[in-house]
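Notebook open, viewer open. I'm going through side-chain pairs and exposure today, and jotting things down as I look them up.

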Amino acid sequence: MSKPDYVMFVDETGNPSMKLKGLAIDPYLALTGAIIDRIAHFSTLEPTIANVLRVPRYVAPVLGRPIEKVCFHRTNILSGRGIYAPLADPGTLAAFTTDFEQTVRRVSVTLINVTINKLKHAGRYVRPMEPYQYCFKAL
């Protein structure tokens, strides 16, 4: 019997910097891993997201860029600029959000999150491990 094969996508929230000046303002760094069965990813999730992106009313043509290279950061989508210009319209954004949520709900994904308080981390060690590396190792 073969073992399951998974893909994990990782994204961070926060700034990994340990500069004392910014620690009080931005003390946290979080890494989140989204784990999905490899077959489900390539056979279901990726093609479905690509189909959502190909709907002209949602995303402007991506000039010479493969559809899978489109950045899916929420801040980019909400900016309503560049390839996401059609989403500046609130009705179009609402429809896109609904379609995207329905797409994601079709696939089983496990989420793992690691958060570090960089201020406490810096105070605990003489030479603290870089926060991004620390979180990634824990993840």
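Before anything else, a note to self on helices: I take them as DSSP runs of H or I, at least four residues long, numbered from the N terminus. Also, this is a predicted model.

**Entry 1: rings**

I started with aromatic pairs and searched the whole structure, which gave 2 of them. For Phe-96 and Phe-100, I got ring centres 6.2 Å apart and planes at 15°, so I logged the pair as stacked. Both residues sit in helix H4, 4 residues apart, or about one turn of the helix. Are the two partners buried or exposed? Phe-96 is buried, at 1% relative accessibility. Phe-100 comes out at 24%, so I put it down as partly exposed.

Then I went to the other pair, Tyr-132 and Phe-136. Their centres are 6.5 Å apart and the planes make an angle of 5°, so this one is stacked too. I found both in helix H6, which covers residues 131-138, again 4 residues apart and about one turn of the helix. Tyr-132 is partly exposed at 28%. Phe-136 is also partly exposed, at 45%.

**Entry 2: a patch with Phe-136 in it**

Phe-136 turned up again when I looked at the surface. Together with Met-8 and Val-10, Phe-136 forms a nonpolar patch there, and I have about 240 Å² of accessible area for the three together. Where does Val-10 belong? I traced Val-10 to strand E1, residues 6-14. Its relative accessible area is 30%, so I called Val-10 partly exposed.

**Entry 3: salt bridges**

How many salt bridges does the structure hold? I count 2.

The Arg-38 and Asp-5 side chains meet in one of them, with N to O at 2.4 Å. I checked where the partners sit: Arg-38 is in helix H2 (residues 38-54), while Asp-5 is in the segment before E1. That is 33 residues apart, so I noted a link between distant parts of the chain. For exposure, I wrote down 34% for Arg-38, which counts as partly exposed. Asp-5 is partly exposed as well, with a relative accessible area of 39%.

The next bridge I looked at joins Glu-101 and Arg-105, whose closest N and O atoms are 3.8 Å apart. I was working with a limit of 4 Å between nitrogen and oxygen here, so the pair goes on the list. Why is the separation about one helical turn? Because Glu-101 and Arg-105 are 4 residues apart in helix H4, residues 90-105. Glu-101 is partly exposed at 38%. Arg-105 has a relative accessible area of 66%, so I marked it exposed.

**Entry 4: His-121**

Last stop was a histidine. I located His-121 in helix H5, residues 118-124. Its relative accessibility is 4%; buried means under 20%, so His-121 is buried. Which residues does His-121 touch, leaving out those up to four places away in sequence? I listed Met-18, Ile-116, Pro-128, Met-129 and Tyr-134.

**Entry 5: recap by helix**

A quick rundown before I close the file. Under helix H4 I have the stacked Phe-96 and Phe-100 rings, and also the Glu-101 to Arg-105 salt bridge. Under helix H6 I have the stacked Tyr-132 and Phe-136, with Phe-136 listed a second time for the nonpolar patch. Helix H2 gets Arg-38 and its bridge to Asp-5. Helix H5 gets His-121, which I have down as buried.

How values were computed:
Residues are numbered from 1 along each chain as its sequence is written. This is a predicted model: local features need pLDDT of at least 70, side-chain atom pairs count only at pLDDT 80 or more; totals for chains, interfaces and linings use all residues. Side-chain values use heavy atoms; hydrogens and water are left out. Patches are made of residues with over 30% relative accessible area and no salt bridge: like charges are joined within 9 Å, nonpolar side chains (Val, Leu, Ile, Met, Phe, Trp, Tyr) within 5 Å. Accessible areas come from the Shrake-Rupley method with a 1.4 Å probe; for residues, only the protein chains shown count as cover. Helices (H or I, at least four residues) and strands (E, at least two) are DSSP runs, numbered from the N terminus. Buried means under 20% relative accessible area, exposed over 50%, partly exposed in between (1.4 Å probe, protein chains only). Rings of Phe, Tyr and Trp (its six-membered ring) pair if their centres lie within 6.5 Å; planes under 30 degrees apart count as stacked, over 60 as edge-to-face and the rest as tilted. Contact means heavy atoms within 4.5 Å.
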